[in-house]
There are 2 protein chains.
Amino acid sequence: MKPTIKDIAARSGVSIATVSRVLSQKTGTYSEKTQAKILRIAKELGYRKNTAAVELVKKRSAVIAVILNATPTNFSTGVIDGIQKRASELGQGVIILYAGNRDAQMLHKAIVTALERTVSGILLTAIEPDDADLTLLKDSGIPFCFVSLYLNQPKILSVSSNNESITSQAVDYLVEQGHTAIALAGIDGYHTGTQRIAGYEAGLKAHGITTSCIKYGDYSYESGRKLLQEFLPLKVTAIITASDMIAAGILNAAQEVGIRVPEDLSLVSIDGTIICNITTPDLTSVTQDFYRIGSRSVDQVMGHDVETFVPVKIEKRGSVKQLER
Amino acid sequence: MKPTIKDIAARSGVSIATVSRVLSQKTGTYSEKTQAKILRIAKELGYRKNTAAVELVKKRSAVIAVILNATPTNFSTGVIDGIQKRASELGQGVIILYAGNRDAQMLHKAIVTALERTVSGILLTAIEPDDADLTLLKDSGIPFCFVSLYLNQPKILSVSSNNESITSQAVDYLVEQGHTAIALAGIDGYHTGTQRIAGYEAGLKAHGITTSCIKYGDYSYESGRKLLQEFLPLKVTAIITASDMIAAGILNAAQEVGIRVPEDLSLVSIDGTIICNITTPDLTSVTQDFYRIGSRSVDQVMGHDVETFVPVKIEKRGSVKQLER
DNA sequence: CTGAAAGCGCTTACAG
DNA sequence: CTGAAAGCGCTTACAG
């Protein structure tokens with residue numbers, strides 16, 4: 001049988017209240033002598049605290065629930081590292097719940113699981129809930145925060161890059177390099193995509209460019225490969241891609257049909273993960289700080305007042321050609 | 001205040017026992033009429049089960065703890081997907097605990113956390129505990145299973161690829177392609193590395209090759225880049241790499257100094273993730289079935305009798321040249 | 001098919 | 001500094 005505080009109390013001749021105080025370090029409520037004895041006996045017995053019992057009486061568990069969807073993007077590693085690190089600093093555990101791929105049912109189930117565990121906070125990573133789930137979250141009394149997704153609604157916590165800024169910076173950079181026929185590829189049809197389109201079009205407009213070209217996709221390598229086909233008949237000189245994977249797909253498919261990057265086609269990728277170093281040539285990117293997005297989202301959901309947008313930066317590598325004007 | 005079964009009982013005029021039976025679907029112990037009423041009222045009140053209370057009385061939580069270390073490898077996604085999927089099929093939640101980077105303290109803390117939660121099983125992914133922690137696990141009464149690591153000890157559950165088979169197959173394939181000067185690069189100094197070395201040397205021996213060449217590393221892209229330098233003075237024609245990232249690093253560093261792959265140097269990578277498609281040329285690999293490793297580890301830890309080794313396969317892509325004999 | 005009661009292992013005012 | 005007692009929200013024999 002697993003030992004409990006009752007066993008420790010019996011062996012050490014004190015009450016379970018005292019054992020509890022020592023074990024949960026209510027400093028100042030016990031003598032050093034008692035502490036030493038209890039700690040020794042606890043160790044002897046191989047005592048382990050029962051978290052369920054603690055959570056039941058405290059009515060809140062020191063755990064942050066992270067809900068992820070299984071999109072084919074690889075950005076989540078950095079985000080989760082950041083979450084994990086910061087959560088651990090704040091004494092919070094992390095529980096990961098998958099929500100499938102834009103699967104409303106699985107998402108709902110994940111949210112319910114988090115609520116049933118009375119977690120201290122819920123982080124929704126690259127997830128867009130429907131109205132019912134949003135209401136459920138709001139009514140739960142448990143703080144929640146969107147991560148890597150900006151809903152632009154009042155009183156809703158979120159931490160992400162500024163998507164409009166991402167694409168407008170990419171346009172600025174490409175125009176600076178002499179490009180005017182600039183496409184946007186692999187974008188999704190939801191909030192993130194919409195915001196990126198807005199920044200892209202604002203960027204074009206600011207430079208007096210009137211032709212835009214937008215292709216949708218799902219962030220994956222395969223999606224990038226397919227998209228290249230659609231660009232073949234068009235005469236763009238540069239493409240901004242919604243992810244490193246999209247960029248890699250376009251790049252490789254382009255090279256297979258004899259289109260050289262950056263000589264014939266320039267690429268600016270959004271994300272800036274290690275993928276950008278692995279391709280040949282390596283990819284110029286608008287780099288997101290995923291680790292920081294993750295760690296800051298923990299602060300946000302734990303009630304610390306931190307900013308929503310985490311800055312991005314352009315990293316110049318080998319996939320953009322400077323054009324003659 | 002969050003409603004409890006007591007509130008539902010009061011409103012519906014039955015006892016909390018009956019409410020509990022309905023809510024936990026102890027079929028056959030309640031009438032349809034009672035069920036309907038209780039379900040309706042539970043919904044009206046926005047009732048959520050309190051998992052902590054359930055776990056406390058059941059003395060076991062329907063959760064599998066996955067302990068990961070933060071190695072710079074990218075294989076974990078597939079493993080975790082597999083774990084998540086299979087766990088969900090079996091009605092188990094998944095909690096992820098990080099153990100840092102071969103950090104004994106963090107690992108110990110993660111194990112203790114899992115034990116304190118009385119999880120139904122513990123999965124240690126690419127983790128080697130010290131003797132104290134192994135004893136702790138054994139004495140806990142909670143089943144545990146090593147994932148993507150084979151300890152070769154009796155009565156210890158584990159699911160992984162057969163490391164000896166991985167490298168011996170790689171050697172076989174390279175010899176088949178006419179290579180005899182074959183190196184092994186990026187290997188670790190622990191169990192996995194040792195087993196891969198054994199398979200590599202057995203493979204060489206089987207083909208009467210007496211010269212071996214082994215370089216250690218840490219599975220990362222950067223590690224691969226550094227390793228190429230060490231190969232410069234040597235005259236190997238093929239390298240088996242410990243991970244796709246190592247392969248990518250060697251590949252890119254090689255191309256930068258004018259060594260062509262596969263013309264001047266052949267590469268067989270171990271892992272076979274999407275990285276192999278992204279590099280130029282793409283990488284021939286010994287592909288591990290990470291998804292299956294993950295899902296099978298769940299079966300293993302839940303007491304289903306499944307095999308330890310998940311088969312690997314050689315995937316021929318563009319990084320191996322056939323030599324004249 | 002249903003209820004009264006005990007109990008899971010802790011924490012925490014309250015009293016001393 | 002310590003103890004007795006109540007209670008967190010459930011489940012489950014037991015009895016009917």
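Visitor: Phe309(B): buried or exposed?
Guide: In between: Phe309(B) has 28% relative accessibility, so it counts as partly exposed (buried is under 20% relative accessible area, exposed over 50%, with a 1.4 Å probe and protein chains only). The model is predicted, so local features need pLDDT of at least 70 and side-chain atom pairs pLDDT 80 or more, while totals for chains, interfaces and linings use all residues. Residues are numbered from 1 along each chain, chains are lettered from A and ligands numbered from 1 in written order, and side-chain values use heavy atoms, without hydrogens and water.

Visitor: How many aromatic pairs over all chains?
Guide: The search finds 4; ring centres of Phe, Tyr or Trp (six-membered ring) must lie within 6.5 Å, with planes under 30 degrees apart stacked, over 60 edge-to-face and the rest tilted. One of them is Tyr150(A) with Phe309(A), edge-to-face at 4.8 Å and 65°.

Visitor: Why does that pair tie together parts apart in sequence?
Guide: Tyr150(A) is in the loop between strands E4 and E5, and Phe309(A) in the loop between helix H13 and strand E11, so the parts it ties are 159 residues apart. Helices (H or I, at least four residues) and strands (E, at least two) are DSSP runs numbered from the N terminus.

Visitor: Changing topic, what lies over the face of Tyr190(A)?
Guide: Arg102(A), 3.5 Å from the ring centre (the cut-offs for NZ of Lys or CZ of Arg are within 6 Å of the centre and within 35 degrees of the normal).

Visitor: Which rotation superposes chain B on chain A?
Guide: One of 180° with 0.0 Å of shift, RMSD 0.1 Å, fitted by least squares on C-alpha atoms with pLDDT of at least 70 in both. The copies are thus related as by a two-fold rotation axis.
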